[in-house]
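Colleague: I would like to go through this model and hear the reasoning behind each label. Show me the structure, and then I will ask.

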Amino acid sequence: MKRFQRPATSRLRFAISLGVVLFGIYGFSQFGWAQNSSESTPLVEKKGEVKKQVEASESDNSDKSTKTESKPSIPVVREAVAPPDKPLPAIEDAEPKEKPKVLEQIDSAFAKAVEYMAGVLFYRLGAQTEKFVSFTGSDIYVREKGSEGPFQKLTVDGLSADETIAPDDLEALFYRKKLIDPVTVDDRYYRMGKLDDQEVEYLAVKLPPVEIGDKTLKLGHGAKLVKEGETFQLVGDMRGLLDAETSLTDSEAKTLADAGWLKTTDDGQHIQSDKVGGAPIVVLWLALGAVYFTLYMRGVNFWGFSHAIEVVRGKYDNPDEDGEVTHLQALMSALSATVGLGNIAGVTIAMTQGGPGAFFWMILCGLFGMTSKFTECTLGQKYRTVKPDGSILGGPMGYLKTGLAEIGLGGLGRVLAFLFVVMCILASFGGGNMFQINQSGSTLLEQVQSKERKLVAELDQKIEDAAINKQTAVVSELRQEKNKRQEEIDKFSQTFNMIYGLVMAVLVGVVIIGGIKRIGAAAEKIVPSMCFMYIIACLYIILTHLGEVPPLVGAIFTQAFTGEAIRGGLIGVLVIGVQRAAFSNEAGVGSAAIAHSAAKTEEPVREGAVALLGPFIDTIVVCSMTALVILITNAWDNPDWVVRDGLSGAALTSQAFESEISWFPWVLSVAVVMFAFSTVISWSYYGERCWESLFGARSVVFYKILFLICVFVGAIANAGSVLDFSDMMILSMAFPNILGVALLSPKVRADLLDYWKRYKAGEFKEFK
Amino acid sequence: MKKQCVVVPVDFSDNTEAAVRAALAFVDSPSQVNVIHVLFALDAVSPGVVFGGVSDESRTENINEHFDKLKLALDTPELGTEVRIGNPGVQITDYANELGADLIVIPSHGYHGFKRMILGSVAERVIRLAACDVYVLRRNDAE
C-alpha cells in the first residue's frame, strides 16, 4: 500500500511551523498573560439581561437640588468612615424563600447540566488562579418585628439611640439606591431577620466611602478587588479593567476583614481564589486547525483566491456535470446560512468585551478559516453520494464515514460521523434556529417599543427625583402611571413574541413542510441585497469619518498584541476575537460542506476553492464593516450605552448606527429578521440531511415538526441556558470534524497539488 | 409458479439487478415485469431547489435514464418502468393495484445506514398494504 510521500523539505518545514505554533501557545499560557474575567464570556446576548459588575456606590446625588420638604435621615453626601476594630453582630436573614415552581426547577436542572457540559467542552487550557476579595460592608439598621417605629443603627456596642431611619424615609432611600437587596413586595423595602434569636426587621444600607490608611476609597457593595502585583485592585465596569487608584494592600485588606466588611469563605478566609483566563479547548482546536490547514495546504487561501473568483464567475461551469447548482449558487446558499446575527450582534459583543484588538484576531481567524473551509468542502465533494434522481447527499457524515474507512480508520470514522450528526441536529435546533428567532424578535421588539421604553425611563428619573425630595404625593402619582405603562409594555412584549413566533413558524413551515419554494427562494435571494445595503450604510459611516480611520487601525494592531484594553490581556483578546469569528463564519465546523457538496462539478478542489470565499465575505468583509462602525462611533467604549443603558449585541449596533443615520435602526431590524429567516431555512437543510443519515429519509417529517416547534419556542423563550447550549453545539461540531479533516488532509493536499498542476497546464475546459 | 404481472420496486442499489432477475423468473415475457422507483417529495430548502434547476421533472428524467441503463444491462427493452413521488409503501401498492399485479418482488433492505433504527422499512409496509402476494428477497450477507 503506497502511502502519500511528502518530500523531505516540506515535511521539515511543516514540522517546524507546527512546532513554532505549539510553542507559542504554550509560551503564552505560561507567561501569565492568560488572565480574563472569571465570568465565562457570554456566547449570546441574553434577552433583556443587563450585566452590571459593580454597582456605583455614590451616584451623582450630590448634584440633586436641595429643595427638600424635610431633611432626609441619611445625608446625601456622607463623610468617609473608617473600618471598626471588630465586626458587627451577625444578622441572619429570615425572608421566606419561595418554593420554586416546576418550570423553574426544570430550568435550573437544565442550567446545571449545561454548566457541566460547558465545563467540559469549553474547558479552559492555561487558566490561572486569581486571588480576590469581595467587599460586603454595610450599615445595618434594625427594629423589632411588628413595631412601626424607627430603625436603629446596629453598632458593636448595641443599638444606637440617635442614629435612626424613620419609616417615612425608606422610599427615598430606595430610590437613591442606598438599600441592599430591598424587598419590593408591598413596597416594604425592609427585610425580615433574626438578631440574637430575636425576630427583627432590618435594613442593609450601603456604606459611604471607606477611609483606610491615608486613602479614601469608594467601594460599592459586592465590589470585587483582584490581586494584581502587590495590591488588590478594583474591577471596573468596562471589560473588567482594573482601577489601580482604588486598591488595598494586604494589611489594609486584613483590616477590612477584621471589621467584617469582606466576604469570608467557610473557613474564615477573606482571600478567595478563582480560576480565570486561558482559552477554551474548542477555540484552540479551531484556531490550531485553521493554522495547520493553512500551512499544510501551503497558503491556498492566498494564491487560490483569484482562481476562486474565476470559478464563481462561471468560467468552468459545465451543465453536464453531476450536481444540483452552479458554483456561485452553492456559495450563495452557504453564505445565507452563515451571514446572520453573528455578523451584526456577535461582532459588537467581541468589540465590547475585547476592544479593538479583538478585531485583529477576528480578521486573522477569518483569513486562516478560509483554508479550513477549503479543506472540508473539498472533502465534502470528494465523498458525496449522487442519488439516482440526481440529487446530492454530501458533507461530514460522508467523508467521516467513507473517507476515514479508506485509510483504515473506519471505526473511528463511524464514531466521529455519529458525534457530528448528533451535534449538528442539535445545533440546527439551537444556534441555527432558536438563537436566530430569539435575537431577531427581540431586536424588532425593541425597535417597535423604543418610544415607550424611553418614556418609562423618563418617568423613572422623575420618580427618583421626587422621592429623594420626599414629594410623596407626586411619587405615588408618577408610580401609578409608570406601572400602568410598564404593564402595557410587558403585555405587548408577550403578545408580540407569541405572534412573531407563530408567524415565523408558519413562514418556515410553509417552506419546509409545504414545499412552497418561492418563499425560501425569495428569502435566500434577498439576503445578498440586504447584505449589500448594510455594507453601503457601513461604508457611508466609514467614509464620513475617514480621518479617524488611520489612528484606529493603528490602535487595532497595537492593542491586538498588548491586550491592554481588557483585563484578559493578549490571550483574552485573542480568544474573544476567534470565538466570535468562528461562530460567525462556521469555518472548521463542517456545516458548509453540506451545502457546497451540491455544486455541479467533477473536481472537488474546484468547489473547495469557491468555499474559500465564504469566510472572506462573511468575516473579512461584512464583520469588518460592523467592527469599524462600532469602533468609529466608539460604541464599544461608551459607558452611557454599555453600562448605563445596558446595551449589547444587536441593540448596541443599532444604537451605534442611530447615532450616525437616525432612520437606520428600522432598516437594520428588517434586515436582521431577513437574515434570521434565511439562516433558519438553510440550517433546516443541514439538520434534515443529518437526520436522514441517522434515521432514514422517511422520518425526516419528524425532524421538521420538531424544528417548527423550536421556531416558536425560540421566540417566547427567555432561557439563557437553552441558547448557550445550542451555541455550544455549533462550536462542538468542530471536534469530530477537524479531527477527521486533519486525518484526511493528506488526500486533499495531494488532490490540490494535482489539480493545480493541471490548471497551470491549461487542461481545464472553459465554458465562458 | 408463473405469474401474469409482477411489480418490482427498485432503488438502484446493488440488489436492484438481482431483484429484477428474480422477478423475470416468474414470468414468460419481460413485458410482464414492471419496475417502479418512488421519489420522496421535493425538499424546498435544498440549494438545488432554491437556486438550481432541480424539479420533479428533472428528477424523473434522471431516473428514466437509470431505467434505460438497467434495461440495457439486462437486455430487456420491454421492461415496464414507472416513476412516482410520495410515500414508497403507499405508491408501490397503489401501482400494483392499478396494474392488477399478482406478485410484488421486493428486496428486504434499501441502502441506508442504521437500518435497525429505521421506523419500519418499505418492505414491511408493502407486505402490510399489498393486495397480492409479496416475495421478499433476503440479502446474501443477511444481518
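Colleague: How many residues does each chain bring to the contact?

Modeller: The model is predicted. Chain B brings 28 residues and chain A brings 30 residues. Each counts because its C-beta atom lies within 7 Å of a partner's C-beta atom.

Colleague: What makes up the chain B side of that contact?

Modeller: Strand E2 (33-39), helix H2 (47-50) and helix H3 (56-74) of chain B each give at least two residues to the side that touches chain A. H3(B) gives the most, with 5 residues. By class, the side of chain B that touches chain A has 17 nonpolar, 9 polar and 2 charged residues.

Colleague: What are the elements of chain B, in order from the N terminus?

Modeller: They run β-α-β-α-α-β-α-β-α-β. That is 5 helices and 5 strands. Of the 143 residues of chain B, 36% count as buried. Residues 24 or more positions apart make up 75% of the chain B contacts with a separation of 6 or more.

Colleague: And how many helices and strands has chain A?

Modeller: Chain A has 24 helices and 17 strands. Buried residues are 47% of its 768 residues. To be called buried, a residue needs 20 or more other C-beta atoms within 10 Å of its own. Of the chain A contacts with a separation of 6 or more, 80% join residues 24 or more positions apart.

Colleague: Where do the domains of chain A begin and end?

Modeller: The domain assignment gives domain 1 (60-276) and domain 2 (279-760). The C-alpha centres of domain 1 of chain A and domain 2 of chain A are 40 Å apart.

Colleague: How do you know that domain 1 of chain A and domain 2 of chain A are in contact?

Modeller: By the residue pairs: 28 residues of domain 1 of chain A are in contact with 29 residues of domain 2 of chain A. On the domain 1 side, helix H2 (102-121), strand E2 (124-125) and helix H3 (170-175) of chain A each supply at least two residues. H2(A) gives the most to that side, with 7 residues. The residues of the side of domain 1 that touches domain 2 divide into 15 nonpolar, 4 polar and 9 charged.

Colleague: Now the sheets. Which strands of chain A are edge strands in the open sheet of 6 strands?

Modeller: The order is E1-E7-E8-E4-E5-E6 (chain A), and the pairing is antiparallel. Strand E1 (92-93) and strand E6 (158-165) of chain A each have a single partner strand, so one side of each has no neighbour in the sheet. That puts E1 and E6 of chain A at the edges.

Colleague: Why do strand E7 and strand E8 of chain A count as paired?

Modeller: Pairing needs at least two bridges between the strands. Strand E7 (residues 191-195) and strand E8 (residues 198-206) of chain A are joined by 5 bridges and run antiparallel. The pair therefore passes the cut-off. In E8(A), Tyr202(A) is the bridge partner of Arg191(A).

Colleague: What is the strand order in the open sheet of 5 strands?

Modeller: E13-E12-E11-E3-E14 (chain A), with antiparallel pairing. Strand E13 (242-248) and strand E14 (272-276) of chain A are the edge strands, since each pairs on one side only. From one strand to the next, the twist averages 45°. Strand E3 (residues 128-134) and strand E11 (residues 224-228) of chain A are joined by 3 bridges and run antiparallel. Phe132(A) has Val226(A) as its bridge partner in E11(A).

Colleague: What makes helix H21 of chain A agree with its expected span?

Modeller: Helix H21 (residues 664-695) of chain A has 32 residues, which should span 46 Å at 1.5 Å a residue. Its end C-alpha atoms are 45 Å apart, which agrees.

Colleague: And why call H21(A) largely enclosed?

Modeller: Because 26 of its 32 residues are buried. Gly696(A), which follows H21(A), has a positive phi, near 90°.

Colleague: Why is H16(A) called largely enclosed by the rest of the structure?

Modeller: The burial count for H16(A) is 17 of 17 residues, so the label holds. Helix H16 (residues 569-585) of chain A reaches 25 Å from its first C-alpha to its last, close to the 24 Å expected. Just after H16(A), Glu586(A) takes a positive phi of about 55°.

Conventions: Residues numbered from 1 in each chain as written. Chains lettered and ligands numbered in written order. Predicted model: local features only at pLDDT ≥ 70, side-chain atom pairs only at ≥ 80, totals over all residues. Contact = placed C-beta atoms within 7 Å. Helix = DSSP H or I, 4+ residues; strand = E, 2+ residues; numbered from the N terminus. Nonpolar A, V, L, I, M, F, W, Y, C, P; charged D, E, K, R; others polar. Domains from an automatic or database assignment. Axes fitted to C-alpha atoms, helices over the stretch in contact; angles between N-to-C directions. Buried ≥ 20, exposed ≤ 12 C-beta atoms within 10 Å, placed from the backbone. Expected span 1.5 Å × (residues − 1).
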